[in-house]
Amino acid sequence: MRDSVLYCIGCGPGDPELVTIKAINLIKNADIIFTPTARENKPSVALSIVEKYVSKGTEVRQLIFPMTKDITRLKESWKNNANEIAEAVRVGRKAVYLTVGDPSLYSTWIYIHKEIQTNHKDVEVEIVPGITSIFSFSAELKTPVGEGEEIIGIIPACYNLDRLKTAAECCDTLVFLKDGRYFNSVIDVLMESSFPDDSDVFIAQDVSTNAESLQRRKLVDIANNKNENNDKYFSIMIAKKKK
């Protein structure tokens, strides 16, 4: 691990044993660890995954990323957080930034990285990939996400339902991330699309943690029992079009 370099580490989906060896070594040797949270004093999910690898005496700082669609507030938080990180790197500290899953897929890191590239060009960055909930979930199910010539669509929580209709028509597998509160609306769109009623739908909460729950059902069964759907934020749903 080199001084004056910012290491962004993907912590994986939740199981500490799914963290890479490279990530563990960097965490153990860090002087300071930055970890995202939605509000002050709220436990960091990323930190909870790797906490046992943090060495005694390592400073841990929580950075707040507010759960809001107010772009002005968001940009201000990204700028302030990037400034704080850059300051630590410039004084020669071995700095690590944590993120759940992989840094390149819908993570807070993406916004920090853009700020650093724009306003802190002197800060060197290295990115350590992590296992995503998509593939952890697939492994648990023992079901492939994609095979042969199948087209896969990955959709975040805050999507436009009109765009979802387009994705449902052209994709063989759709992966919905993060927010189970939207799943009822998703089911309605899939029922109206080219997804057959007997298409397989897999739903999970808290993938790769002790609180993990998994279910496999037919699309039509979920549509007829919406009150049973999960409504937790850390949820994932995979819908595979029946051929």
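Me: Which residues of strand 8 lie on one side and which on the other, and are they buried or exposed?

Reply: Good place to start in this predicted model. Asp200, Phe202 and Ala204 sit on one side of strand 8, while Val201, Ile203 and Gln205 sit on the other, and all of them are buried. Both faces of the strand are therefore covered, given that buried means under 20% relative accessible area. Counted along residues 200-205, that makes 6 of 6 residues buried.

Me: Which strands does strand 8 pair with, and in what sense?

Reply: Look for bridges to other strands. Strand 9 (residues 213-218) runs antiparallel to strand 8, and 6 bridges join the two. Strand 10 (residues 235-240) also pairs with strand 8 in the antiparallel sense, over 6 bridges. Ala204 is a handy residue to follow: Leu214 stands opposite in strand 9, and Ile236 is the bridge partner of Ala204 in strand 10.

Me: How should I read salt bridges, and how many are there in the whole structure?

Reply: The general idea is that side chains of opposite charge can pair when their charged atoms come close. A search of the whole structure finds 8 salt bridges. One of them belongs to the strand you just looked at: Arg216 pairs with Asp200, with the closest N and O atoms 3.1 Å apart. This pair links strand 9, which holds Arg216, to strand 8, which holds Asp200, and the two residues are 16 apart in the chain.

Me: Is each partner, Arg216 and Asp200, buried or exposed?

Reply: Arg216 is exposed, with a relative accessible area of 54%, whereas Asp200 is buried at 15%.

Me: What does the salt bridge of Lys240 look like?

Reply: The side chains of Lys240 and Glu150 meet at 3.9 Å, N to O. Lys240 is in strand 10, and Glu150 is in the loop between helix 5 (133-141) and strand 6 (152-155), 90 residues apart. Here Glu150 is buried at 16% relative accessible area, and Lys240 counts as buried too, at 14%.

Me: Which residues are linked in a network of salt bridges?

Reply: Glu59, Arg61, Glu84 and Arg93 are. Within that network, Glu59 and Arg93 meet at 2.8 Å, N to O. Glu59 belongs to strand 3 (residues 59-64), and Arg93 to the loop between helix 3 (71-90) and strand 4 (95-99), 34 residues apart. As for exposure, Glu59 is partly exposed at 28%, and Arg93 is partly exposed at 24%.

Technical notes
Residues are numbered from 1 along each chain as its sequence is written. This is a predicted model: local features need pLDDT of at least 70, side-chain atom pairs count only at pLDDT 80 or more; totals for chains, interfaces and linings use all residues. Side-chain values use heavy atoms; hydrogens and water are left out. Buried means under 20% relative accessible area, exposed over 50%, partly exposed in between (1.4 Å probe, protein chains only). Helices (H or I, at least four residues) and strands (E, at least two) are DSSP runs, numbered from the N terminus. Two strands pair if DSSP finds at least two bridges between them. A salt bridge is a side-chain nitrogen of Lys or Arg within 4 Å of a carboxyl oxygen of Asp or Glu.
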